[in-house]
Amino acid sequence: MAIERANATERDESSGPSETKRSGGTDAAETDASDLDGEDLVLAYPEAPEPVIDGESIAAEPGAVTALVGPNGSGKSTLLKGLANQLAPDDGSVLLDGRDVRSMDTKALARKLGLLSQESTSPDSITVEDLVYHGRYPHRGFFERTTEADARAVERAIELAGCGHLRDREVGSLSGGQKQLAWIALVLAQDTDVLLLDEPTTFLDLHHQMEVMEIIETLRSESEVTVVVVLHDIEQAARLADRVVALKDGEVRARGPPEEVVTEELLSEVFRVDADVVDTDRGPRVTPLRARHEE
Amino acid sequence: MSRDGPTVGGGVAGGRAAADDRLGWLFDPRLLTVAAGSLALVVLAGLAQVSFGAYSMTVGQAWRAVLDPAVLLDPRWLLNFLVGEELMRAITGFRGELPELARETLVVWSIRLPRVLVGAIVGMNLAVSGAIFQAVTRNELASPFILGVSSGAGLMILLTLVVFGGLSAFLPIIAAVGGSVAFLIVYAIAWKNGTSPVRLVLAGVIVGTVFNSLQTGLFFFADDIGVVQSAIQWTTGSLTGTDWEQVRTALPWTLVALTLSLAGSRQLNLLLLGEQTAKSLGMSIERVRFGLSGVAVLAAAASIAVAGIVSFVGLIVPHVVRNLVGSDYKRVIVGCLFVGPALMVGADVGARLGMSVLTGADAQIPVGIVTGLVGGPYFLYLMRRQRNVGDL
């Protein structure tokens, strides 16, 4: 490879992932992070007769982490796609800092809003570093080459995602968890104000789940990025998020801080399980007891 | 790499950016090897082409004829070949007779060398066109002709030869137009709130089938066997009788198409990450896909216009190159510029001289037959070796 190693010279600008503690609620008003509002969204797939989401509104708190939870098929990924402008709403609108995302230039939007999809494909022989560089696409003109700013953003992203040791590896040779870190580095390199993550921890082993959660916690403590994350694991959601939105059958059933949303009633109503919920200093702890069978 | 301390790591931020600006990626050892090997092949095959034939000469004579200073150092002769006599006179203001050339030089420069050049140009175009189509459809089995280009061109060729005989002077342009129109039809059929790679390929197969039936039907309306033979030459691809005229026809379009494809290589790389990722990174995917397909059609049309429909080159070459230099499309495109001509010029040696070596008959076969004979088994070999052919 003729590519020189390009380690960032300034590493002092962020305190690094080691200092991630719960900051105990973010002071949203103080940040200049963007807000993302979905208003009365009706989202449907062309081949399906009924809309998946039929007129729901959702607001992501600026600089905070909002978690979307719900059972399979509840529409959380669809809602996220709608917010990311990947799925055009039949009705309603998505506003990013007050501007309709559909009126924005695609590249301009991609500089402000990043999306990590559930499944991503790439050629096997691409290196992690080259993959992460693709995250700079929206920042470059058609004929522009990479700049120093690109190199810095990529460095920061690789460091934040903790995949520096993988940078010269080919993506095809990585484990599922390592791949996920590389893809997270790509969306981080995109350097957006809003980050939408679709089930970033699903299918990962415990270690990589924790790695991903630490990345999100770092973003949360920096309060510069508005994060919306779809999570399968309600306990993870409670631990990670400032706000939790619970969906079922395409409807928002509850929203608010984790302590208010993650309750035994909600688990029984939305997830159809009987569970014990105990408040701990790491947020609510959920112990599922049994599945509820409808009579 | 280790990330155990803030001081670890050589170089500065932007080192890569600078390397990128300096075209550092070009000096990849694998790419250099591929380029050098292919060049050697082109030179060898080219030498064989200029040495042997009805007027035979030794390799040394041929070599001297190619490097004859009477041509190489005389801009009038060079321009005469490259842009044609009229333009040469317009550019240089030269009125008299051109100085006479040695017999060998004349044979080599006016008959045999242009054929090698046309072969190289066609090889480049087809290879790059195939590489682009494979990225756009995200399918390794795509080729310039999967999206209906060849069937459209073939149908127009036959229509011209059989029905509108008077237009055969414009055959190259008509063939290229036919290919482009067929591609537009394919795109229109595949369009339904946007396209998808699978729909594009399916529409290409459908249009191809219909057009091929029409082609076969047209054969029944041909009055004499000569028309049929010339039609077959066109639809299998042949370099027989190509001249500087063909070089002049293809070269400008080739330069445009190849420049655009190099410029588009970053978009191609992003397309390989899948539609969703490309979209979320802000690519206007339909515009890029259509534009790049247009570039690929242009490249294919340039080669169809001078050599007809040569099979398998556009399918095989990108494959070979990707196996040799990796999936980065900047390198793949550059690699195609070398490997394409190597295959095409090499195959043309077989097409032009093979029959006289094998049977002693002084006959040439269309080069498309040779590329098919070489390409088919190679593809079989790939299929056996790789478990998942088809995934890009």
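**Exercise 1. Find where residues 17–21 of chain B stand in confidence, and decide how to read them.**

Solution. Begin with the score itself, pLDDT, which is the predictor's confidence in each residue, from 0 to 100. Over residues 17–21 of chain B, pLDDT stays under 50, and for this stretch the model has 13 contacts beyond four places in sequence, where two residues are in contact if their C-beta atoms, placed from the backbone, lie within 7 Å. Residues 1–15 of chain B also have a pLDDT that stays under 50, with 31 contacts beyond four places in sequence. Where pLDDT is low, the predicted coordinates should not be read in detail. As a last step, set this beside the chain as a whole: chain B averages a pLDDT of 84, and 92% of its residues score at least 70.

This is a predicted model, in which local features need pLDDT of at least 70 and side-chain atom pairs count only at pLDDT 80 or more, while totals for chains, interfaces and linings use all residues. Residues are numbered from 1 along each chain as its sequence is written, and chains are lettered from A and ligands numbered from 1 in the order in which they are written.

**Exercise 2. Check the length of helix α2 of chain B, and name what its buried residues pack against.**

Solution. Helices (H or I, at least four residues) and strands (E, at least two) are DSSP runs, numbered from the N terminus. Among the elements of chain B, α2(B) has the highest mean pLDDT, 93, and helix α1 (residues 15–21) the lowest, 46. The expected span of a helix is 1.5 Å times one less than its number of residues, so the 23 residues of α2(B), residues 29–51, should span 33 Å, and this agrees with the 33 Å between its end C-alpha atoms. A residue is buried if 20 or more other C-beta atoms lie within 10 Å of its own, exposed if 12 or fewer, and partly exposed in between. The buried residues of α2(B) include B:Leu31, B:Val34, B:Ser38 and B:Val42, and the buried residues of this helix pack against α3 (59–66), α7 (103–136), α16 (313–325) and α17 (329–358) of chain B.

**Exercise 3. Describe the surroundings of A:Gly70.**

Solution. A:Gly70 is found in the loop between β3 (65–69) and α1 (76–83) of chain A. A:Gly70 is buried, because 25 other C-beta atoms lie within 10 Å. Leaving aside neighbours within four places in sequence, A:Gly70 is in contact with A:Lys76, A:Ala246, A:Leu247, A:Lys248 and A:Val270. Finally, A:Gly70 and A:Val270 are 200 residues apart along the chain, yet their C-alpha atoms are separated by 6.8 Å.
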